[in-house]
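Take a look at the fold below. We will start with the whole chain and then turn to a single residue.

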Amino acid sequence: MRDCCNMARPPLSEIQDQIRLRMQQRQMAPAVIEEYQRRAALVFHGATGKVDWNSIGDLQARDYVELEHLPAPGPDEVREDLSKLAVIKLNGGLGTTMGLTRAKSLIRVKGEYTFLEIIRKQILSLRAHFGVNLPLLFMNSFATREDTLREPGISEINRSVPGDIPPDFIQSMAPRIDAQTLLPVGDGSDESHWCPPGHGDVFLSLAITGILDRLLGAGYRTAFLSNGDNLGATVDPRLLRYFHANELQWVSETTPKTNVDLKGGVLYRKKAEHAPIELLETAQVPAERLPDFQNISRFGYFNINNLWVDLQALKDRLSGGALELALIVNPKRLGDQEILQLETAMGAAIGRFDRSRVMIVNRKRFAPVKDCADLLVRRSDCYTLHPDSWALERNPARSIAAEPIVSLDPVYKSVHDFESLTPFAPSLADCESLSVQGRIEFDQPTTMRGKVKLQAGPQGSRISAAGRSEFADETVTLP
């Protein structure tokens with residue numbers, strides 16, 4: 001029986017018709033419309049996006065492979081493998097949680113280099129070192145495409161690549177829907193009426209834009225997908241050789257979970273015979289089971305969204321339509337209205353491929369920027385850019401194994417305010433944790449060691465007011 005909130009819902013046929021008409025306004029492809037209608041139907045029939053916790057089982061020993069145990073391939077093998085590889089970066093985010101209205105990848109992340117510039121240099125370095133012109137593609141959203149292609153070197157990044165491969169393709173758009181009626185909100189005329197359908201959309205977008213066929217036609221066999229804000233996600237020839245040599249269709253990279261990563265998605269198998277590997281995201285976990293989900297003893301590794309997929313296997317599975325990935329119901333508010341965004345995660349596609357593996361990798365392959373605290377860590381001396389590969393790597397001089405835990409006051413939330421308050425990023429190479437409470441301007445070079453807590457005065461403070469430049473295992477209230 002439907003609950004009281006659902007009693008006012010129109011018939012499913014009307015909901016799906018309204019979704020179809022709304023998406024046709026933006027000229028979405030029929031397959032994209034059908035997929036979003038599928039998600040709406042699931043919610044209509046009671047789906048919440050939450051998993052049955054009692055069905056969650058463990059991975060098997062044969063599911064795991066450790067990257068550090070794989071042999072290094074010879075130069076000829078590397079060149080052969082790279083000649084069949086396409087690199088795809090997700091670049092649809094605006095970084096609204098960081099106060100941005102432009103592509104998040106335009107943020108200056110290390111020195112004067114933005115995410116886009118570092119990614120470009122990573123690919124150019126790989127091409128130069130091995131003499132292979134592998135393609136780089138960005139999955140942009142309608143909001144990020146123009147700014148991205150205007151950046152120097154991006155629009156022509158694949159000019160010398162075989163197969164006439166474009167630099168980008170566009171992610172689909174979907175209507176936000178009213179949480180009670182499941183009808184599209186507004187009239188579709190405002191951007192706030194729309195949302196991205198989750199990065200699981202990447203596979204269908206590759207197909208409907210013709211990019212998938214173009215890549216296969218040019219001889220590319222494998223794609224490496226990763227988030228654009230993870231500059232540790234570079235091509236590893238050992239993993240690529242293992243992928244080809246074992247004729248795999250899918251590999252998901254995971255890394256050991258720490259207390260910083262408690263929200264990271266995990267991989268599992270259901271408690272059923274011949275159950276595939278599946279991805280479990282935080283949003284899919286019932287609230288009362290979050291402590292179990294965050295138990296590092298139970299789930300020792302988390303998915304870092306570095307994914308490898310066989311392109312022909314992907315085409316074969318898309319021949320019947322979308323992959324129908326697990327539903328994620330993302331509740332939001334639009335003014336006073338409760339709304340839903342119906343999403344999927346690209347890592348969930350692991351369950352759609354028979355020959356899959358979970359690759360355990362070093363933490364250096366995961367260096368994302370989700371907020372300004374992450375940005376401070378990346379800009380600090382905790383991380384360096386490798387002089388050859390341009391990978392953003394943990395500084396080998398850092399004496400502490402774990403990344404520093406940085407907590408910044410809400411006054412640092414927007415990139416604009418963050419930039420004005422941190423003209424000098426503090427040294428964190430020997431820092432275990434840094435907590436900043438209140439408005440403190442880092443107006444001079446400083447060094448943080450061990451566990452440091454800084455508190456601003458009532459009107460805000462400058463770090464220089466402390467009269468020194470080093471802080472170690474202490475709590476300091478600044479004047």
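The protein chain holds twelve helices and 26 strands. Keep in mind that this is a predicted model.

Now consider the overall dimensions. Along its principal axes, the C-alpha trace spans about 70 × 60 × 45 Å. Is that what a compact globule would give? For 479 residues, a compact globule would have a radius of gyration near 23 Å. The protein chain has 23 Å, so it agrees with that expectation.

Next, look at how the chain packs. Of the 479 residues, 54% count as buried. Contacts also link distant parts of the sequence. Take the contacts between residues at least 6 apart in sequence: 69% of these join residues at least 24 apart.

Turn to the outside. The protein chain exposes about 20,900 Å². Carbon and sulfur atoms supply 49% of that area. Charge comes next. There are 56 positive and 61 negative side chains. The centres of these two sets lie 1 Å apart.

Finally, zoom in on one residue, Leu290. Leu290 lies in helix 9, which covers residues 290–293. Is Leu290 buried or exposed? Its relative accessible area is 27%. Buried means under 20% and exposed means over 50%, so a residue in between is partly exposed. Leu290 is therefore partly exposed.

What does Leu290 touch, leaving aside its neighbours within four places in sequence? Leu290 is in contact with Thr282 and Val285. Met98 is another matter. Met98 and Leu290 are 192 residues apart along the chain, and their C-alpha atoms are separated by 26 Å.

How values were computed
Residues numbered from 1 in each chain as written. Predicted model: local features only at pLDDT ≥ 70, side-chain atom pairs only at ≥ 80, totals over all residues. Heavy atoms only, no water. Helix = DSSP H or I, 4+ residues; strand = E, 2+ residues; numbered from the N terminus. Rg over C-alpha atoms; globule rule 2.2 N^0.38 Å. Buried < 20%, exposed > 50% of the residue type's maximum accessible area, 1.4 Å probe, protein only. Contact = heavy atoms within 4.5 Å. Areas by Shrake-Rupley, 256 points an atom, 1.4 Å probe, with all protein chains shown as cover. Lys, Arg positive; Asp, Glu negative; His and termini not counted. Charge placed at Lys NZ, Arg CZ, Asp CG, Glu CD.
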